[in-house]
Amino acid sequence: MSLPPPITLEEARDRLLALAPLLPVEHVDAEGCLGRYLAQSLHARRTHPPTDLSAMDGYAVTAGDLSGPWRVVGESAAGHPYSGTVHSGEAVRISTGAILPMGAKAVILQEDLAREAANLTLTGEPPEPADRHIRHCGMDFFENSEVMPAGIRIGPAQAALAIACGYRHLPVRRIPRLAVIDIGDELAADPECCAPHQIPASNGAMLMALARSLPIAASRIGPVADTLAALTAAFEGAADSDVIVTSGGASVGDHDLVLPALEGWGANLDFWRVAIKPGKPILVATRERNGRIQIILGLPGNPVSSFVTAYHFLMPLLRRMLGSSQATPLQIATYLAAPLRANGPRREFLRGNWDGENVVPQTNQDSGALAALAASNVLIDRPSFAPAAQVGDPVRVFLLENGGIA
Ligand SMILES: Nc1nc2c(c(=O)[nH]1)N[C@H]1C(S)=C(S)[C@@H](COP(=O)(O)OP(=O)(O)OC[C@H]3O[C@@H](n4cnc5c(N)ncnc54)[C@H](O)[C@@H]3O)O[C@H]1N2
Ligand code: MOO
């Protein structure tokens with residue numbers, strides 16, 4: 001059997017992302033759409049600050065009157081503005097966030113003043129420049145200005161900004177429906193009831209957990225036996241999903257039936273085999289149903305291969321369907337704390353541990369070594385045919401924690 005030559009990660013991912021249907025837009029409560037992506041750019045519905053505000057607790061005075069003494073004529077507190085106008089020789093008690101009274105052009109810190117009844121004198125330094133402690137109207141954003149582009153991830157700061165801009169609801173894309181299918185005669189559904197010829201089906205839970213770091217609706221099917229009938233039934237069970245992910249049965253063995261089962265089910269193969277390690281046998285297919293495109297990702301069964309292919313393909317696909325403008329994972333540059341052998345033709349993603357300065361590759365790089373994966377917080381990116389590397393050499397890594405996943 002002649003196999004298709006493996007394509008590069010970039011080509012494979014571009015092809016996959018080009019297939020991704022953009023899901024319909026819906027309007028969701030700003031607090032309820034954390035982790036989703038803005039479907040349209042957001043323009044401020046108000047100016048902020050809406051007028052000049054004090055940035056400190058102190059006294060508001062006129063511009064040409066920074067040496068005092070002054071007479072305190074009133075107060076401007078947050079939510080309770082001073083209604084009069086400040087004149088030369090007068091000061092208004094002002095708190096942080098309170099509206100600067102008319103006529104006032106400077107705020108002097110209370111630490112730089114002495115007050116006795118209504119009499120105020122300067123004991124420290126006046127502000128330099130005079131408006132140093134003033135937040136001017138529009139300092140943050142002006143009405144109608146674009147505050148966030150389409151495709152940005154709505155995290156805590158973005159939700160707060162949207163609310164500050166006057167939005168209760170935000171345009172986001174419908175949550176994708178994902179089905180995860182474990183495939184293999186050797187798989188036990190219950191890890192506590194696992195015969196000697198079996199292994200616990202751990203990939204499904206891992207893939208669900210990975211995908212659930214994004215806002216999705218996921219369901220799990222299986223474990224499914226290595227037969228065409230069982231696979232077809234499993235695909236039928238997932239027929240309403242936007243994305244179907246299988247793990248196992250993607251390679252070339254007699255019992256690796258994902259590809260023939262998909263073809264028998266009416267799916268069209270887009271690509272199979274990518275020049276990465278681990279993860280080479282990954283396949284991507286599509287199926288049209290009621291005018292909708294369903295995407296099927298066949299991931300290799302080896303647990304680390306499943307994880308790495310989900311990281312580089314499934315997660316970017318889901319992000320793109322959710323409308324993200326940064327669907328692919330970002331890298332950081334660090335330094336090797338141990339030497340590495342020269343790499344072969346497949347771009348390799350070594351499991352490693354990064355301490356903030358250097359990265360230590362795991363000793364066990366077998367694609368079935370789940371313990372080494374679980375002890376890792378980065379994937380070290382080794383380009384194809386990278387020469388041997390020494391301690392201290394620069395290397396690029398993908399983060400698996402602290403924002404690396406979602
Ligand atoms: N002659 C060749 N053999 C293999 C090739 C090749 O090019 N030529 N490729 C190898 C590579 S690379 C990989 S990766 C694996 C992938 O194989 P499959 O996707 O067919 O996976 P399986 O054979 O079904 O399983 C592999 C391994 O993973 C375990 N597994 C499977 N599913 C699960 C699960 N849900 N939870 C936990 N563990 C799972 C399974 O028991 C096997 O040990 O093929 C190589 N072979
Ligand atoms: O690609 Mo396989 O994932 O090398 O073990």
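Helices and strands here are DSSP runs, with at least four residues for a helix and at least two for a strand. Keep that in mind for the first span. The model is predicted.

Start with residues 179–320. UniProt lists them as "domain: MoaB/Mog", in an unreviewed entry. The span is 32% helix and 31% strand. Its end C-alpha atoms lie 17 Å apart.

Now the whole chain. The secondary structure comes to 7 helices and 26 strands. What does the radius of gyration say about the chain? The value is 30 Å. The globule rule gives 22 Å for 406 residues. The chain is well over that, so it is more spread out than a compact globule. Along the principal axes, the C-alpha trace spans about 95 × 55 × 40 Å. Of the 406 residues, 39% count as buried. Next, contacts. Take those between residues at least 6 apart in sequence. Of these, 70% join residues at least 24 apart.

On to domains. The assignment gives four entries, and two of them are made of two segments each. Domain 1 is 9–23 + 174–321. Domain 2 is 25–43 + 148–173. Domain 3 runs 53–135, and domain 4 runs 331–399. How do domain 1 and domain 2 meet? The contact takes 5 residues from domain 1 and 4 residues from domain 2. On the domain 1 side, the touching residues divide into 4 nonpolar, no polar and 1 charged. The C-alpha centres of these two domains lie 30 Å apart.

Three residues next. First up, Arg320. Arg320 sits in helix α6, residues 303–321. Buried or exposed? Arg320 has 26 C-beta neighbours inside 10 Å. The cut-off for buried is 20 or more, so Arg320 counts as buried. Setting aside residues up to four places away in sequence, Arg320 touches Leu17, Ala20 and Ala327. For a long-range distance, take Ala114. Arg320 and Ala114 are 206 residues apart along the chain. Their C-alpha atoms are separated by 60 Å.

Then Pro81. Pro81 is in the loop between β5 (70–76) and β6 (90–94). Pro81 has 17 C-beta neighbours inside 10 Å. Partly exposed means between the two limits, 12 or fewer for exposed and 20 or more for buried. So Pro81 counts as partly exposed. Beyond its neighbours within four places in sequence, Pro81 is in contact with Ser76, Ala98 and Ile99. Pro81 and Trp265 are 184 residues apart in sequence. In space, C-alpha to C-alpha, they are 70 Å apart.

Gly79 is also found in the loop between β5 and β6. How many other C-beta atoms lie within 10 Å of Gly79? The count is 9, and Gly79 is exposed. Gly79 and Val258 are 179 residues apart in sequence. The C-alpha to C-alpha distance between them is 65 Å.

Last, ligand 2. Which residues are around ligand 2? Lys277, Pro278, Gly279 and Lys280 are among them. So are Pro300, Asn302, Ser305 and Ser367. By class, the shell has 2 nonpolar, 4 polar and 2 charged residues.

To recap. The chain is more spread out than a compact globule. Arg320 is buried, Pro81 is partly exposed, and Gly79 is exposed.

Conventions. Residues numbered from 1 in each chain as written. Chains lettered and ligands numbered in written order. Predicted model: local features only at pLDDT ≥ 70, side-chain atom pairs only at ≥ 80, totals over all residues. Near = placed C-beta within 6 Å. Nonpolar A, V, L, I, M, F, W, Y, C, P; charged D, E, K, R; others polar. Domains from an automatic or database assignment. Contact = placed C-beta atoms within 7 Å. UniProt positions renumbered as here; feature names shortened; annotations may be inferred. Rg over C-alpha atoms; globule rule 2.2 N^0.38 Å.
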